[in-house]
Structures are given as structure tokens and as C-alpha cells.
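Biologist: I have just opened this one on my screen, and some of the terms are new to me. Could we go through them together?

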Amino acid sequence: MKQIDVCLTPDLLHLHDIENTIVVVADVFRATSCMVTAFAYGVNSIIPVATIDECQLYQERGYLAAAERNAKKVDGFELDNSPFTYMDDRIRGANVAMTTTNGTLAITKSRSAVKVLVGSFLNLDAIARFLKTERYDVMVLCAGWKGRVNMEDTLFAGALVDRLKDSYAMAEDSAIMAWRLYCQGKDNLPSYLSSSSHIQRLQRLGIQKDITYCLQHDLYDVVPVLRGNALVSMQV
């Protein structure tokens, strides 16, 4: 039987062999939610880069550029890390370069996988349906916060395990832990997450609407996949 595993932070990725595995990267607040939203609203491609300097180089080549550090937009870039920024006609057909504190770094660290997918609650069902058709093991890579474990990405991992538990065996304790955490909180995720560190960080910035939006399930039938150095969308 295929297996599903969970890596709770990119700092633990070196402990996993991902060369014959599909990696699903999750940065729920807010990078992967932004990416899924962008593809739902017609963006052509997104190039995830680890550093601000790399993102600036793409900007100089004519790409729309998004840069975020510590949950705030970096000065000099067109786009930020709010999914509502990507509900805009200017992104339709555009190529975007993006760097974020955690999510894009997690994607760039996963390049040796068979496939790298972008997951969020917004496209949870689409991701699950796609993975049921694949023959490879799966690992959910939680972007976390600067190397630390966080609640929201772990809950997404648990939600995906829950959707796939009849098709995939849970490989390690981290998958079981994430699944049990999600089962505890799934009936009211905003309340369950209310005291978590990143929720409090975002609330201090006055962006409660982003939190509410990013915790919605199954809004979009898009599966972003890394092809070369760019994410593109697969319709499922």
C-alpha cells in the first residue's frame, strides 16, 4: 500500500528520502493559499525563489514580483502575501516571481522529489483526488515558521491524511499526530487555531479576513505543480 508521511518543518527534511515521493508543500498562512488563489484567478506561472535578491532579478526581467518577510510586504515589490492581492485582473496570464519567509523556501528545498505540489485548504479536495490516481508515496512538507513547527500547516497535513487514509497508510508518527490534531479541530478551525502563534502575528497586522479565507476548504479545483523552476496549474 502507498504511504503518506508528514515532515513538520523543512529543518527536518534531511531526515527523509524524497526522490521517489510526491511532496505536497503547505504554507497555509499564506504563501500556498496565495499561489492556489493566483492560479484560480488565471496567473500563468509562479517562480518560487528563496531570497529577495533572486526575486528582484526576475522583477528586473519584467515579472510581477511578490516579496514577503515576517508577514509583511517587502518595499519595492508589486505584490504581497495576501490572497486577496491575487484576485485582480492584472495577474491574469502573468508570470509572477515570489519569495516568502517560509513557503517558497520549502518548495525550493523539495526539488529532488518526483513531483512538488502546492497544497492549501482551498484546494484540499483537488490535491486528494489527484494523489489517489498516483502510484508514488506522498509526503506533506509543512513550511512552518523559520524552522519551527506550526499549527496551521500541521492541521492541513492532517486534513490531507484524513482524505487519503483509505488509499495510503500512515508512514510515521508525524502523520498520525497531524491526523489526530485535525480530527480534534476540524469542526471549528478558526477557534482551534485562535491561540496559535501565527494567528496572533497576523491579527496584530489587522488581517483577520486572510485567516478566515485561508481556512476555507475546497474552493478551487487547481493543483499547482513545479515544472522546472516554475509552478504551473494542473486542472483536475
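Modeller: Happily; we will talk about helix packing, a cavity and two backbone features, keeping in mind that this is a predicted model.

Biologist: Let's start with two helices. Why are H4 and H5 called oblique to each other?

Modeller: Helix H4 covers residues 124-132 and helix H5 covers residues 151-164, and they pack at an angle of about 50°. Roughly parallel needs an angle under 35 degrees and roughly perpendicular needs 65 to 115. The value of about 50° fits neither range, so H4 and H5 count as oblique. Their axes are 10 Å apart, and the crossing is right-handed.

Biologist: What makes the contact between H4 and H5?

Modeller: From H4 come Leu-124, Asp-125, Ile-127, Ala-128, Leu-131 and Lys-132, and from H5 come Phe-156, Ala-159, Leu-160, Arg-163 and Leu-164. Sorted by class, that contact has eight nonpolar and three charged residues, with no polar ones.

Biologist: And why are H5 and H6 called roughly perpendicular?

Modeller: The axes of H5 and helix H6 (residues 173-185) cross at roughly 95°. The range for roughly perpendicular is 65 to 115 degrees, and roughly 95° falls inside that range, so the name applies to H5 and H6. These two axes come within 7 Å.

Biologist: Which residues of H5 and H6 meet there?

Modeller: Among them are Gly-158, Ala-159 and Val-161 in H5, and Ala-178, Trp-179 and Tyr-182 in H6. The H5 contact with H6 has eleven nonpolar, two polar and one charged residues.

Biologist: How many cavities of 30 Å³ or more does a search of the whole structure find?

Modeller: One. The largest cavity holds about 60 Å³ of space, which is over the 30 Å³ cut-off of the search. Its lining is made of 13 residues, with Phe-29, Arg-30, Glu-68, Asn-81 and His-198 nearest the centre. By class, the lining has five nonpolar, five polar and three charged residues.

Biologist: What makes the peptide bond from Phe-29 to Arg-30 stand out?

Modeller: Most peptide bonds are trans. The bond from Phe-29 to Arg-30 is cis, with omega near 10°. Arg-30 sits in the loop between strand S2 (21-26) and helix H1 (31-40).

Biologist: And what is notable about phi of Asn-70?

Modeller: Most residues other than glycine have a negative phi. Asn-70 is not glycine, yet its phi is positive, near 55°. Asn-70 lies in the loop between strand S4 (64-69) and strand S5 (72-73).

How values were computed:
Residues numbered from 1 in each chain as written. Predicted model: local features only at pLDDT ≥ 70, side-chain atom pairs only at ≥ 80, totals over all residues. Heavy atoms only, no water. 1 Å grid on protein atoms, 1.4 Å probe; cavity = no way out; pocket = protein on both sides within 12 Å on 5 of 7 lines; lining within 4 Å. Points joined across faces, edges and corners; volume = space filled by probe spheres on them. Nonpolar A, V, L, I, M, F, W, Y, C, P; charged D, E, K, R; others polar. Axes fitted to C-alpha atoms, helices over the stretch in contact; angles between N-to-C directions. Helix = DSSP H or I, 4+ residues; strand = E, 2+ residues; numbered from the N terminus. Parallel < 35°, antiparallel > 145°, perpendicular 65-115°, else oblique. Left-handed = near helix turned anticlockwise from the far one by under 90°. Contact = heavy atoms within 4.5 Å.
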